[in-house]
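Me: I have a new model open on my screen and would like to walk through it with you. Could we take it step by step?

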Amino acid sequence: MIYPLVGILLIGLTFGTLSLLPLAIPIAAGFALVGPVAAIGLYELSRRREAGLDSSPIHAFDVLHSPSLGAVIALSLLLIAIFLIWLLVAEALYIAIFGYSAPASIEQFMTDLLSTPRGWTLIIVRWGIGFLFAALVLSISAISFPLLLDRDVGATVAMRTSLRVMAANPLPMALWGLIVAALLVIGSIPFFVGLTVVMPVLGHATWHLYRRTVEPDRNPHPDYHPVPRERPRRSAADFPAALFPTHWWGKSDIGENG
């Protein structure tokens with residue numbers, strides 16, 4: 001449910017401020033640019049399921065223990081930067097075509113966008129530029145995140161591998177990109193609620209795509225999930241001391257009774 005809630009929040013804030021209204025559609029469309037970041041926990045669950053490990057949802061956060069966490073963060077920041085650049089470009093296009101004045105109302109904005117030559121020019125130009133942004137993100141991230149979770153490699157190696165996969169399989173990868181875009185649009189139309197189904201499907205399918213295109217590592221790294229430590233039982237009489245880690249409290253040399 002995180003995906004639709006975040007999407008509704010962003011679009012709600014945008015529609016609530018008329019000056020940000022021209023960015024409503026670019027924000028919704030730009031979700032595809034950061035989708036791989038949002039789905040990384042799903043890749044981890046797929047990795048665990050394949051390895052025969054517990055794949056309950058809580059293990060999606062085990063990404064934080066990955067040996068390639070630094071590379072995962074670096075690649076995530078790159079995609080977020082691309083998303084922000086896309087928003088800047090989309091806003092600049094709107095200003096170039098409609099000027100700096102904000103729409104007077106949502107109705108006027110939709111009328112100008114869908115029933116005027118300037119509106120259709122904006123739609124077509126934005127679609128063309130957005131396609132280039134999406135193609136860039138697909139090329140560098142289609143395989144990158146699953147590879148980072150599967151092997152202890154750097155972000156550069158992961159992106160280079162993804163580009164090699166794109167070059168070796170241009171038609172299948174292009175078809176995959178269209179499938180991703182179509183499913184994200186379908187999932188976003190009913191107030192983003194459909195993303196609760198679309199995102200898990202795309203996340204797990206991306207892992208299988210990775211397995212079909214990249215040879216498995218002959219010497220995979222050992223599972224990187226820490227073994228949970230047995231927590232000592234605490235008495236209710238210890239409250240509020242029980243709220244704090246046990247290592248904060250040491251035994252004094254004067255005995256428990258003073």
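Reply: Gladly! Let us settle one word before we begin: buried means under 20% relative accessible area, exposed means over 50%, and partly exposed lies in between, with a 1.4 Å probe and protein chains only. This is a predicted model, where local features need pLDDT of at least 70 and side-chain atom pairs count only at pLDDT 80 or more, while totals for chains, interfaces and linings use all residues. Residues are numbered from 1 along each chain as its sequence is written, and side-chain values use heavy atoms, with hydrogens and water left out.

Me: What percentage of the residues in the protein chain is buried?
Reply: The protein chain has 258 residues. Counting the buried ones among them gives a share of 37%.

Me: How many helices and how many strands does the protein chain have?
Reply: Helices (H or I, at least four residues) and strands (E, at least two) are DSSP runs, numbered from the N terminus. Along the sequence the pattern reads α-α-α-α-α-α-α-α-α-α-α. The count is therefore eleven helices and zero strands.

Me: How much of the area that the protein chain exposes do carbon and sulfur atoms supply?
Reply: Accessible areas come from the Shrake-Rupley method with a 1.4 Å probe, and for residues only the protein chains shown count as cover. The protein chain exposes about 15700 Å². The part supplied by carbon and sulfur atoms is 69%.

Me: Is α4 largely enclosed or open, and why?
Reply: Helix α4 covers residues 40-50. Its buried residues include Ile40, Leu42, Tyr43 and Leu45, and also charged-type names such as Glu44, Arg47 and Arg48. Because nine of its eleven residues are buried, α4 is, with respect to the rest of the structure, largely enclosed.

Me: Which residue forms a salt bridge with Glu44?
Reply: A salt bridge here is a side-chain nitrogen of Lys or Arg within 4 Å of a carboxyl oxygen of Asp or Glu. Glu44 is buried at 0% relative accessibility, and its partner is buried as well, at 8%. The two are three residues apart in helix α4, so about one helical turn separates them. With the closest N and O atoms 3.1 Å apart, the partner is Arg47.

Me: Which residue joins Glu50 and Asp150 into one network?
Reply: Glu50 in helix α4 has a salt bridge to a residue of helix α11 (residues 195-213) that is 161 residues away, with the closest N and O atoms 2.8 Å apart. Asp150, in helix α8 (residues 144-150), pairs with a residue of α11 that is 61 residues away, at 3.1 Å between the closest N and O atoms. Glu50 is partly exposed at 44%, whereas Asp150 is buried at 10%. The shared partner, partly exposed at 22%, is Arg211.

Me: Which residues does His59 touch, beyond those up to four places away in sequence?
Reply: His59 lies in the loop between α4 and α5, and at 16% relative accessibility it counts as buried. Contact means heavy atoms within 4.5 Å. The residues touched are Glu44, Leu45, Arg48 and Asp54.

Me: Which backbone nitrogen does the side chain of Ser66 reach?
Reply: Ser66 is also placed in the loop between α4 and α5, and it is buried at 6%. Its side chain comes to 3.1 Å from the backbone nitrogen of Ser68.

Me: How far does α5 reach from its first C-alpha to its last?
Reply: Helix α5 runs over residues 69-98 and has 30 residues. The expected span of a helix is 1.5 Å times one less than its number of residues, which gives 44 Å here. Close to that value, the reach in the model is 43 Å.

Me: Which residues make the nonpolar surface patch of about 350 Å²?
Reply: Patches are made of residues with over 30% relative accessible area and no salt bridge; like charges are joined within 9 Å, and nonpolar side chains (Val, Leu, Ile, Met, Phe, Trp, Tyr) within 5 Å. One member lies in helix α5 and is partly exposed at 43%. The patch is made by Ile73, Leu77, Ile80 and Leu84.

Me: How many Å separate Met166 and Ser139, C-alpha to C-alpha?
Reply: Met166 sits in helix α9 (residues 155-168) and is buried at 16%. Met166 touches Leu138, Ser139 and Met173. Although Met166 and Ser139 are 27 residues apart in sequence, their distance in space is 6.2 Å.

Technical notes:
A polar contact is a pair of N or O atoms within 3.5 Å; within protein, one must be able to donate a hydrogen and the other to accept it, and residues adjacent in sequence count only if both atoms are side-chain atoms.
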